Amino acid sequence: MTITTDVAPPPQFHTSPNFTSPTADADVTERTHDGLYFWQYMIAGSVAGCVEHMAMFPVDTIKTQMQALGSWPIRTPGLRAAFSSILRADGPAGFYRGIAAMGLGAGPAHAVYFSVYEACKKSFSNRANVNDHVGHAAAGVCATVTSDAVFTPMDMVKQRLQLNGGGASEAYRGVWDCVKRVWREEGVRAFYASYRTTVIMNAPFTAVHFATYEAAKKALLGGSTYERDDDGGEGIAHAAAGAVAGASAALVTTPLDVVKTQLQCQGVCGCDRYSTGSISDVFRTIVKKDGYRGLVRGWMPRMLFHAPAAAICWSTYEAGKSFFQKQNESEGEALG
């Protein structure tokens, strides 16, 4: 899932010889615009990404099944049918196939996403105006492009394992077996077959998510509020706004997500293979075989995934930032 975040005001530290100004050129050992080191953004983002994707993984498995099945002329399974099919074939464990690949990909990708986002936000945004939406949106797009380069290979492995039925139909024995076989049989390009589609999908996802989040947050808070709120009220508003934004962005970008799934799952569970990897070729194939409704397969579990996922990620990331801000404040006071 792709997420943007607001800027809290710089916490006040006692002046000391070891204190680095937030306006100085930043690196991983310098505090930035809101008093955090970049390694702290990376840790907070990594934890938030892992918590988000692990918590919502069963819903993601159902979405993948709904988008991958039906690439040949059969009736597209509904949410209940996909759920029952997974449960009947593999039991509860079937909803967690591929979760190891998700863990390996989500942590590093979200660390890259949030650290790049914060770095670009500092460069793009008008420092005199912390509510610079254009700068924040541009930073989000840059973060998306870089983090997708990290996440896409493991996302491909994850989706293939999600379609990897148990027993005789099992195509891969695990993450490492999938990586080795794809590398040997399809080459390195297979790991990035959907990268272009993913970037094209996540750019508007980020834009819609950001615009909706800002509007929802403003409605819930009655205006822009950047002061730390120890009673949790602002955190609840951020989570609620994030849920609305996540669901809205997910719905708008579902057709491209279907294309991405088809490209990543080529040859698995009867999915077609595409010689060119062209987005337009995949679109035409889906429409020819399943009609236009095939482009919105899995829209419901996708929304059910991204709404709580965005709320979880926002809450976890903000909690991580708050923890590090308090830690840095205590360090600054001790030095003072």
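Helices here are DSSP runs of H or I with at least four residues, numbered from the N terminus. With that in hand, let us take a walk through this predicted model.

**The chain as a whole**

The protein chain holds 11 helices and 0 strands. Read from the N terminus, its elements therefore run α-α-α-α-α-α-α-α-α-α-α. Of the 336 residues in the chain, 51% are buried. Among contacts between residues at least 6 apart in sequence, 77% link residues at least 24 apart.

**Three neighbours in helix α5**

A good place to begin is helix α5, which covers residues 133-162 and includes Q159. Is Q159 buried or exposed? Its relative accessibility is 0%, so Q159 counts as buried, the cut-off for that being under 20%. Setting aside residues within four places in sequence, Q159 is in contact with K63, T64, K260, T261, Q264 and C265.

K158 also belongs to helix α5. This lysine counts as buried because its relative accessibility is 2%. Which residues does K158 touch, not counting those up to four places away in sequence? They are F57, D60, T64, R97, G98, A101 and M102. G98 deserves a second look: K158 and G98 are 60 residues apart in sequence, yet their C-alpha atoms are 4.6 Å apart in space.

Then there is V157, which, together with V182, has the most contacts inside the largest nonpolar core, a set of 17 residues. The elements that give two or more residues to this core are α5 and α6 (175-186). A second, separate core has 14 residues, among them Y113, Y117, A139 and Y317. As for V157 itself, its partners are A101, V175, C178, V179 and F191, again leaving out residues up to four places away in sequence.

**Two helix pairs**

Two packed helices are described by the angle between their axes and the distance between the axes. The table sets out two such pairs.

| Helix pair | Axes come within | Crossing angle |
|---|---|---|
| α1 (residues 38-55) and α4 (residues 99-124) | 7 Å | roughly 140 degrees |
| α2 (residues 57-68) and α9 (residues 254-264) | 9 Å | roughly 80 degrees |

How does the first pair lie? With that crossing angle, α1 and α4 are oblique to each other, and α1 passes α4 in a right-handed crossing. On the α1 side the contact is made by F38, Y41, M42, G45, S46, G49, C50, E52, H53 and M54, which meet I99, M102, G103, A106, G107, H110, A111, F114, S115, E118 and A119 in α4. By class, the residues of this contact divide into 11 nonpolar, 8 polar and 2 charged.

Turning to the second pair, the angle of roughly 80 degrees makes α2 roughly perpendicular to α9. Here K63, T64, Q67 and A68 in α2 meet T254, D257, V258, T261 and Q262 in α9. The contact of α2 with α9 has 2 nonpolar, 5 polar and 2 charged residues.

This brings us back to Q159. The contacts of Q159 include K63, T64 and T261, and these three residues also take part in the contact between α2 and α9. In a similar way, M102 is one of the residues that K158 touches, and M102 is also among the α4 residues that meet α1.

Conventions: Residues numbered from 1 in each chain as written. Predicted model: local features only at pLDDT ≥ 70, side-chain atom pairs only at ≥ 80, totals over all residues. Heavy atoms only, no water. Buried < 20%, exposed > 50% of the residue type's maximum accessible area, 1.4 Å probe, protein only. Contact = heavy atoms within 4.5 Å. Core = buried A, V, L, I, M, F, W, Y, C linked by side-chain atoms within 4.5 Å. Axes fitted to C-alpha atoms, helices over the stretch in contact; angles between N-to-C directions. Parallel < 35°, antiparallel > 145°, perpendicular 65-115°, else oblique. Left-handed = near helix turned anticlockwise from the far one by under 90°. Nonpolar A, V, L, I, M, F, W, Y, C, P; charged D, E, K, R; others polar.
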